[in-house]
Amino acid sequence: QTMHITKSWALSLAALSLTATHALSTSTPKKVVVTGAGGQTGQALFRKLLTYPDEFTPIGFVRTPESKQSLLDSGIPSGSIAVVDVTDGPAVKAFLTSSPVDAFCICTSGKPAPTGVMTEEGKPVFGYPNGSPEEVDWIGQRNQINACGVDTHVVVCSSMGGTDPSNMLNKLGRTEVDGKEIGGNILKWKRKAEKYLIDSGLPYTIVHPGGLLNEPGGERELVVGVDDSQEGTTSRLVPREDVAEVMLQALRNEGYRNRSFDLRAKDKGDGVVTTDFAGLLGTLEGKNTDYSLGEIM
């Protein structure tokens with residue numbers, strides 16, 4: 001009798017295992033758009049997603065044909081890249097209408113660059129040659145959010161510093177005319193877009209990285225927080241590759257949905273390298289970014 005039960009149990013387990021394996025092998029990969037796929041952080045995320053074809057079918061949005069060609073030259077297949085300017089709302093909407101997605105990862109951002117002009121103090125004056133923060137970080141992000149379907153999980157790469165209106169990043173590209181600020185204020189525009197996303201009712205994950213490092217990921221202990229807190233580490237930096245990994249993990253773990261948090265990394269060799277991404281947000285004890293802090297445009 002015991003032998004019969006044991007044999008039946010073993011057969012049941014084998015059948016269950018086969019069913020689970022079959023389900024995994026036949027499940028449809030999530031279709032994911034990554035905007036800013038020609039940039040550094042967006043490209044890091046895009047390439048990571050491409051390495052998991054059983055889980056994800058990523059499409060990288062780039063702004064120009066030149067950016068697309070650069071990705072093609074690096075070996076990314078043409079069918080995985082689309083030239084879509086996120087500041088063109090109808091173009092973003094048209095793409096997602098014809099090709100709905102499960103998740104939408106926003107890695108676009110205004111990119112400051114020296115204008116060639118110097119201040120009286122001898123410091124370079126910065127501008128935004130490829131689109132101002134208002135155009136890219138507000139209107140562009142709003143276009144992307146508006147184009148998403150009601151169940152689309154929107155994952156945003158933003159920036160720390162949003163609680164401080166006087167943050168130096170807000171000063172880049174900003175001038176004053178007749179007492180009114182013109183241009184710049186990138187963190188304020190990002191914050192406006194984040195609040196718009198939250199109020200939209202779409203499932204979201206908003207990551208505020210600290211200063212971005214062009215160093216390998218997976219080699220440091222990651223620290224999450226909210227509201228620009230320095231708790232956990234004095235470091236305000238994090239490798240881009242680690243930011244990309246956290247955004248990818250947000251697509252895997254339900255616990256990242258409807259969360260907005262900061263991300264930093266301890267110095268290499270300090271602490272234990274983060275591998276438990278499912279439990280990473282546990283230290284927040286449910287806390288999210290407080291959008292009553294700082295300023296929103």
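**Helix α7 and its surroundings**

The buried residues of α7 pack against α5 (133–147), β7 (153–157), α6 (168–171), β9 (180–182) and β10 (204–209). Here, buried means under 20% relative accessible area, exposed means over 50% and partly exposed lies in between, with a 1.4 Å probe and protein chains only; contact means heavy atoms within 4.5 Å. The helices (H or I, at least four residues) and strands (E, at least two) are DSSP runs, numbered from the N terminus.

A word on the model before we go on. It is a predicted model, in which local features need pLDDT of at least 70 and side-chain atom pairs count only at pLDDT 80 or more, while totals for chains, interfaces and linings use all residues. Residues are numbered from 1 along each chain as its sequence is written, and side-chain values use heavy atoms, with hydrogens and water left out.

Let us step back to the whole chain for a moment. The protein chain holds eight helices and 14 strands, and its C-alpha atoms fill a box of roughly 90 × 45 × 35 Å along the principal axes. Of its 297 residues, 43% are buried. If you take the contacts between residues at least 6 apart in sequence, 75% of them join residues at least 24 apart.

Now back to α7 itself. This helix covers residues 186–200, which is 15 residues, and spans 21 Å from its first C-alpha to its last, close to the 21 Å expected at 1.5 Å a residue; the expected span is 1.5 Å times one less than the number of residues. Its buried residues are I186, L187, K188, W189, K190, R191, A193, E194 and L197. Both ends of the helix are worth a look. In the loop between β9 and α7 you will find N185, a residue other than glycine with a positive phi, near 55 degrees. N185 is buried, with a relative accessible area of 2%. Just after α7, G201 takes a positive phi of about 90 degrees.

Next, consider how α7 meets α5. Two packed helices are described by the angle between their axes and the distance between the axes. In this model, axes are lines fitted to C-alpha atoms, for helices over the stretch in contact, and angles run from 0 to 180 degrees between N-to-C directions. α5 and α7 pack at an angle of about 15 degrees, with their axes 8 Å apart, and are therefore roughly parallel to each other. Angles under 35 degrees count as roughly parallel, over 145 as roughly antiparallel, 65 to 115 as roughly perpendicular and the rest as oblique. From α5, the contact draws on P133, E134, D137, W138, Q141, R142, I145 and N146, and from α7 on I186, W189, K190, K192, A193, Y196, L197 and S200. These residues divide into eight nonpolar, three polar and five charged; Ala, Val, Leu, Ile, Met, Phe, Trp, Tyr, Cys and Pro count as nonpolar, Asp, Glu, Lys and Arg as charged, and the others, Gly among them, as polar.

One residue to pick out in this contact is D137, which lies in helix α5. D137 is buried, with a relative accessible area of 0%. Its C-alpha atom and that of K190 are separated by 5.3 Å, although the two residues are 53 apart along the chain. Leaving aside residues up to four places away in sequence, D137 touches T108, S109, G110, S132, I186, W189, K190 and A193.

α5 also has a helix partner in α4 (residues 89–98), which packs with α5 at an angle of about 30 degrees, with the axes 9 Å apart. That makes α4 roughly parallel to α5. Here G89, V92, K93 and L96 of α4 meet N143, Q144, N146 and A147 of α5, a set that divides into three nonpolar, four polar and one charged.

Elsewhere in the chain, the axes of helix α2 (residues 40–50) and helix α8 (residues 240–252) come within 8 Å and cross at roughly 50 degrees. α2 and α8 are therefore oblique to each other. Their contact includes A44, L45 and L49 of α2 along with V243, A244 and L248 of α8.

Finally, D227 is found in the loop between β12 (222–225) and β13 (237–239). Like N185, D227 is not a glycine, and its phi is positive, near 60 degrees. D227 is partly exposed, with a relative accessible area of 25%.
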